[in-house]
Amino acid sequence: MAGTPFDLQLLNLCAALLLLLSFAMLAQRRVVTLVNLLAIQGALLFVATLLLAWRTGEHHLYLSAALTLALKVLLLPWLLHRLIRRLQVYWDTEPLLNISGTMLIGLLVVVFAFGLAQPIAALASTATRSAIGIALAVILLSFVTMITRRKAMSQVVGFLSMENGLFFGAMSATYGMPMIVEFGVALDVLVAVLVLGVFFFQIREQFDSLDLHHLESLKESPTFGKSPSPAPARSVQEN
Amino acid sequence: MKPLEILTQALELIAALAAAPLFLGWVNQCRAWLQNRRAPSIWLPYRGIRKLFHKDAVIAENASPLFRVAPYIVFGAMVVAAGIIPSMGTRLPFTIAADAIALVGLLATARVFLSLAAIDIGTAFGTLGARREMMVGFLAEPALLMVIFVASIISATTALPAIAENLATQTLGLYPSLAFTAIAFTLILLAENARIPIDNPATHLELTMIHEAMVLEYSARHLALMEWAAALKLLNYACIGFALFLPWGISTGTGGPLSLLASIPLLAAKLTVTGAALALIETISAKLRVFRVPEFLAIAFLLAVLGLLVHLLLGA
Amino acid sequence: MLYIDSSMRACLALLALWALIGVAGLLRPMSVGFVGRMLFPLGALCGVVLAVVAATSIGAPAEQAVLKIGLPDLPMHVRRDALASFFLLLLGATSAGISIFAAGYFRRGQGTAPGLMCLQYHLFLASMGFVLLADDAYAFMVAWETMALSSYFLVTTQHGLPEIRRAGFLYLLIAHVGALAILLSFGVMQGGSWQFTFDAMRGAHLTPYWAAVAFLLALFGFGAKAGLVPLHVWLPEAHPAAPSPVSALMSGAMLKMAVYGVLRVSFDLLGKPEWWWGLVLLAVGLFSALYGVTFAAVQTDMKRLLAWSSIENLGIVFAAIGLGIVFHGVGMNSLAALALIAALYHSLNHAFMKSLLFLGTGAVLHSTGERNLGRLGGLIHRMPWVAWLTLVGALAMAGLPPLNGFVSEWLLLQAFLFAHQVPRTFVNMILPVGAALVALSAALAAYVMVKFFGVIFLGQPREPALARAHDAGLLERIGLIWLALGCLLLGLLPTYVIDTLRTVVAQFSGALLPSTGAPWWLLVPLAGRQASYSAPVFLIALASIVVLTALLVRRFYHHRVRRAAAWDGGFGRLNARMQDTAEGFGQPIRHIFGAFFAVQRELPSAFDSAPRYGVVVGDRIWQWVYLPLGTLVQRIADSFAWLQQGRISTYLLYSFITLIALLALML
């Protein structure tokens, strides 16, 4: 460890903190805090990208760092906070599984991801290759976050955090994706959040709630020809 | 060489015994300041202990000899622990007798005797406190062991002085795994020392208390020993934290008497800052319901295991 | 055979002597005095001699012989090597304490006559010894079945009670399913030579596939005896049903025969174990440890609590063996030796401490007639000898230094510290998490022991009848002291034990733990590594500080003590019912590990005039595995039920048809 250069140590620290943040998201029940955690995750990603850009001298990484800062640290959290205020969703209901159980599953996921990443990391040639496992873990943990939540808001945050994980993975495996891909992804994410925002309003209009278990009533009814409740059926037709 | 080691050992023991109530007093003082209260004297714990020693002991009618022996064993265990943990110097002759795992065992011994003594009287308070204490214990102990495991793997040894020396003498390195375990350790420290999110040292409300419920039946010299032991335990945990995460400034084998001297003010400074930080944590957090305690400690355990995994992945 | 020139012959002679003592019990079957004061102490003496002989023979090279007993043309082969010697030592030393306790324990009462019990008991001992010496499948199975049967009869001593008959039946059933698996395992291991001597099995070269099959069969068979989850269900039933010395013997010695069996099969008979077998053992062992200890924490019957705790400890032993096999398989030999030493050490420790605790419960049971933790309490005043000696066992079981339970856990954790160096992806990540589980089980064991000791011996007596409890008699005390001393010495002198175990492990596995050259009082697991533990120094330091503090307090202050009523919060007189019950003590565990338990609660309504609160904790594995299995068997049996006609001539017809069919096949 003492032999590793200091900036690489910092990068590793960033990676570890990203993982920590993913776990914090997994455990967090307040939607506002969840968004703040997402913003911190974005900030860490920004720092990591800057560090990597400085280390490798790849100029396009500076650009993507700037993009990260603008989009993931400032714009998206702001949008989400605004959504939260408008929609008045501050708390997620009790998650589907209790905290300790979720954590345990998270731990197993991390073990799996780390184990999976070991052979991949051996193939990569970048200095940051050992962080691939962490990126993988962040992606999978975000998945678990999305699975265990009921509120649409938390699921969006999980989705964005998954994107962060992908970004970090690409960075540590190959020093970032080509610029055009990154722009594309950034645009996609932005559009996705906007579309989802519109969606939330629609869902709330229909159900007076953002709790996603209401969507369960949309499923095909086993008894033929009888719709379970008129309101959701109509909403399907409208969409 | 040899006399210096013995001197270090003796100095550490005496300093721990003498400074433990002071540290507690300092934490209480900081807490009072932060909460806009008039702070009690920093010497208050000493006065309390002195007063208690002079009083007549009152013991419940059905107390067994175990009840009377337990304070001495708990106190003795904490003193032995203070002898194992390197706080000023790493060349401690006694530490070959017990490594970090044995230290965890020693702390468990103290806990078991404390709980048994609490059950001995057979009141509702005592048994309740004992049950809760053992619950905190069985959750915190593996977490602490995992924290120690990470440090042991990094330094390839389970001897605390060697861990401290290894970290203190190498060039500055960032260990993400140690960041995880340091957070875990802080949670464990709060839980094990009956500090606020888990237990409130200042309350006697039976619904919430753990430690105070267990020592409720003690009085006079027995209580004095128990309180002193509790103060020592807090100091010991702080020093374990320093040895694992902040060993800089500790006197290592190469330093000689001067470095030992230099380590004393440094230790004092670390303790001052830690005490203030502890008071801050206690002030800004609310006490958890007992049912939430397992979650709190599960998080500590998880962080420690994560630290281990991160260390294995990143090699740091 | 008549003259004794080798340690193996001495061991055989001692086993024969045990059997003879048992038979002698039939001379005066109803006399408690003869059986208790003569035969059992003699059996204990045999145990001591066996332990001494076995201990001195550990370093000696292996010896073999052929006994001309048994069926014609099928002689029994016997062999004594270091592994067998170690387990003989364990058997002899533990049984000595148990037998001397039993001498004072058995009284006249309903159930099996003392003389018959003496026969069963000593046959049980002798068969366990013979299991260890057997060197062919035939001798092994005969001894193994004798062991199962004699212990079955011992378990059902109180056969008047239906639940005890039921417990005995369950035990016998699982013992036989296990024995069947062991038999099949031997069948695979002979490898086509159809020679069932162990020598032939050592020589047979199995393909990896068949070796794995043999190993898994053996694991199933021995796991059933060791009580590994999910084959553990008989253990919490049979142990409480048996008289306490028998529970002690079963838990202390018989479960270790399964440990012996797994070691014998995987290292000796199969040659070199594959590294992934170790993973299987680790997974099963760690799960058993955690499962067992959580169930122990919620029990309300003191012997059932100890039975579950045995499941935990055997789980830890098997996890240690698993770790050893993983290390062995990847060529990390000194670490493999360290883990295997930890396994053997823990077996030995568990034999002493669990026997001690079972005997302690026996003494309590005898003097109070009560096994339910909810009706005990405060016995430290009435039974100080039993209480303080049991405390030694409880502290050892809790894994506290400087007693013996700590040493083996310490060694295991030291071995786990290197688990991340195993050169296999995934495995090197998962193994360190195993250490976390070991730590969790150990910490929970402390919880269980505080509950066990606290509820039985501390507090106020929960029933008025407890005031008449009396302390154990002299012979019982000697038995308890013997075992408690064992716990203490095994804890204080680990270096001697490890030196012995080093030889044993080196002989059966080829993995040598290098000698570290540390002095006798200092335990260093691996040379060149800064990790050490010294129990004597530790104890002296702790004791001297305790004594010094006491003296100083006495010197500078006073030692006046006033007795008064306990603080009742201004509520009025507290009564014993207000103490935490055993159920109450299990509450946090039920809460945290809720997923393991099938909890049935009986909650009072707000309007009950006589409210009752009850909680029964069931085993999900019983519900999920055994009940469906039982239903399945029942259904299959039902579909053949039409065969049962009740008329003799029909049955004769069946035999006739079978005979004809067989004869037709012969053509």
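Which helices of chains A, B and C each supply at least two residues of the lining of the largest pocket? In this predicted model, six helices do so: α4 (99–123) of chain A, α5 (124–155) and α11 (293–314) of chain B, and α11 (275–297), α17 (427–457) and α21 (582–592) of chain C. The pocket has a volume of about 1,400 Å³. It is lined by 41 residues. Closest to the centre are A:Ser100 and A:Leu104 from chain A, with C:Leu290, C:Leu440 and C:Phe593 from chain C. Helix α4(A) gives the largest share of the lining, nine residues. By class, 32 lining residues are nonpolar, six are polar and three are charged.

The second largest pocket has a volume of about 1,000 Å³. Its lining holds 43 residues. Those nearest the centre are B:Leu24, B:Asn28, B:Pro201, B:Glu212 and B:Glu227. Chain B provides several helices with at least two lining residues each: α1 (2–34), α2 (44–54), α3 (65–84), α4 (100–121), α8 (211–214) and α9 (220–245). The largest share comes from α9(B), with nine residues. The class counts for this lining are 26 nonpolar, seven polar and 10 charged.

Enclosed space was examined next. A search of the whole structure finds 11 cavities of 30 Å³ or more. The largest cavity contains about 140 Å³ of space. It is lined by 17 residues. The closest to its centre are B:Glu141 and B:Leu145 of chain B, and C:Gly399, C:Glu409 and C:Ala442 of chain C. Helices from both chains take part in this lining. In chain B, α4 and α5 each supply at least two residues; in chain C, α16 (404–416) and α17 each do likewise. The lining divides into 13 nonpolar, two polar and two charged residues. Helices α5 of chain B and α17 of chain C thus recur, as each also supplies at least two residues of the lining of the largest pocket.

The second largest cavity has a volume of about 90 Å³. Its lining comprises 11 residues. A:Leu67, A:Lys72, A:Phe167, A:Glu182 and A:Ala186 lie nearest the centre. Three helices of chain A, α3 (59–87), α6 (152–174) and α7 (179–207), each supply at least two lining residues. Of these, α3(A) gives the most, with five residues. Six residues of this lining are nonpolar, two are polar and three are charged.

Helix packing was then considered within chain C. Two packed helices are described by the angle between their axes and the distance between the axes. For α13 (residues 333–368) and α19 (residues 494–509) of chain C, the axes come within 9 Å and cross at roughly 120°. Helices α13(C) and α19(C) are therefore oblique to each other. Their crossing is right-handed. On the α13(C) side, the contact involves C:Ala337, C:Leu340, C:Ile341, C:Leu344, C:Tyr345 and C:Leu348. These meet C:Pro494, C:Val497, C:Ile498, C:Leu501, C:Arg502, C:Val504, C:Val505, C:Phe508 and C:Ser509 in α19(C). The contact residues divide into 13 nonpolar, one polar and one charged. The charged residue is C:Arg502 and the polar one is C:Ser509.

Methods. Residues numbered from 1 in each chain as written. Chains lettered and ligands numbered in written order. Predicted model: local features only at pLDDT ≥ 70, side-chain atom pairs only at ≥ 80, totals over all residues. Heavy atoms only, no water. 1 Å grid on protein atoms, 1.4 Å probe; cavity = no way out; pocket = protein on both sides within 12 Å on 5 of 7 lines; lining within 4 Å. Points joined across faces, edges and corners; volume = space filled by probe spheres on them. Helix = DSSP H or I, 4+ residues; strand = E, 2+ residues; numbered from the N terminus. Axes fitted to C-alpha atoms, helices over the stretch in contact; angles between N-to-C directions. Parallel < 35°, antiparallel > 145°, perpendicular 65-115°, else oblique. Left-handed = near helix turned anticlockwise from the far one by under 90°. Contact = heavy atoms within 4.5 Å.
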